[in-house]
Amino acid sequence: METTKNELFLRTAFACMACDGDIATEEIALVKQFTEQSNLFSTIDVENKLNDYVAQINKQGRGFLSAYLNDVSSAELNEQEEIEIVKIAIQTIEADEKIEYSEVSFFKKIRQRLNISDETILSEIPDKEDYLLPDIKVPEEMNWNVRFENIQLNING
């Protein structure tokens, strides 16, 4: 099944939520806000899709994150869509106001798979240089030994 760009945007948010081993309520609230206030995830049953991602990541562990990164690499994205991925990733990472090294490291893995320049990113999202700085060599495989529960958005309630 081909992943739509909207699904790739949602998977970006989910992968950035999960990459630190904890899905914070603030991160879920951000996805709910995206769902209610934009068309980022239009045509997607967000709650069911997120719960599907939970099941997948619980089963596949780091394989889920690796598959996501592969999908980013192979997606045919224009500059604006790449900027959208960067914005979603950074907003999700910052949603709980606790920026973990693992989250920034994962962002850098996403960033490596995009074609836009740092200058383009900073012109759209100023003051985020820390996300773009060179990093120590981080192994491609991330440690993974966590389990997540189903996600409840309560959009219609």
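The questions and answers below walk through side-chain pairs, buried residues and the nonpolar core of this predicted model.

Residues are numbered from 1 along each chain as its sequence is written, and side-chain values use heavy atoms, with hydrogens and water left out. Because this is a predicted model, local features need pLDDT of at least 70 and side-chain atom pairs count only at pLDDT 80 or more, while totals for chains, interfaces and linings use all residues.

User: Hi! How many disulfides does the structure hold?

Analyst: A disulfide here is a pair of cysteine sulfur atoms within 2.5 Å. The sulfur of cysteine 19 is 5.6 Å from the closest cysteine sulfur, in cysteine 16, which is too far for a bond. The number of disulfides in the structure is zero.

User: Is cysteine 16 buried or exposed?

Analyst: Happy to check: buried means under 20% relative accessible area, exposed over 50%, and partly exposed in between (1.4 Å probe, protein chains only). Cysteine 19, at 4% relative accessibility, counts as buried. With a relative accessible area of 0%, cysteine 16 is also buried.

User: Which helices does the salt bridge between aspartate 71 and arginine 11 tie together?

Analyst: A salt bridge needs a side-chain nitrogen of Lys or Arg within 4 Å of a carboxyl oxygen of Asp or Glu, and a search of the whole structure finds six. In the bridge between aspartate 71 and arginine 11, the closest N and O atoms are 2.4 Å apart. Helices (H or I, at least four residues) and strands (E, at least two) are DSSP runs, numbered from the N terminus. The two residues are 60 apart in sequence, so their pair ties together helix H4 (residues 62-74), which holds aspartate 71, and, for arginine 11, helix H1 (residues 5-18).

User: Which partner of that bridge is buried, with a relative accessible area of 8%?

Analyst: Good one to look at in the viewer. Aspartate 71 has a relative accessible area of 25%, so it is partly exposed. The buried partner, at 8%, is arginine 11.

User: How many residues apart in sequence are glutamate 124 and lysine 87?

Analyst: Their side chains meet in a salt bridge of 3.6 Å, N to O. Glutamate 124 belongs to helix H7 (residues 118-124) and lysine 87 to helix H5 (residues 79-94), so the bridge ties together parts whose separation in sequence is 37 residues.

User: And where does lysine 128 lie, in its pair with glutamate 94?

Analyst: The side chains of lysine 128 and glutamate 94 meet in a salt bridge, 2.9 Å from N to O. This pair links distant parts of the chain, 34 residues apart: glutamate 94 is in helix H5, and lysine 128 is in the segment after H7.

User: Which side chain of opposite charge is nearest to glutamate 27?

Analyst: For charge, Lys and Arg count as positive and Asp and Glu as negative, while His and the chain ends are not counted. Glutamate 27 lies in helix H2 (residues 25-37). Contact means heavy atoms within 4.5 Å; leaving aside neighbours within four places in sequence, the contacts of glutamate 27 include Cys16, Asp22 and Glu103. Glutamate 27 is buried yet has no salt bridge, and the nearest side chain of opposite charge, 8.5 Å away, is lysine 98.

User: Which element gives the most residues to the largest nonpolar core?

Analyst: A nonpolar core is a set of buried Ala, Val, Leu, Ile, Met, Phe, Trp, Tyr and Cys residues joined through side-chain atoms within 4.5 Å. The largest has 47 residues, and those with the most contacts inside it are Phe14, Phe41, Tyr68, Phe106 and Ile110. Elements giving two or more residues to this core are H1, H2, helix H3 (46-60), H4, H5 and helix H6 (101-112). The top contributor, with nine residues, is H1.

User: What is the angle between the planes of phenylalanine 14 and phenylalanine 64?

Analyst: Rings of Phe, Tyr and Trp (its six-membered ring) pair if their centres lie within 6.5 Å; planes under 30 degrees apart count as stacked, over 60 as edge-to-face and the rest as tilted. The structure holds six aromatic pairs. Phenylalanine 14 and phenylalanine 64 form an edge-to-face pair, 5.5 Å centre to centre, with an angle between the planes of 85°.

User: Which residues form one aromatic cluster?

Analyst: Phenylalanine 14 counts as buried at 0% relative accessibility, as does phenylalanine 64 at 1%. The cluster is made up of Phe14, Tyr53 and Phe64.
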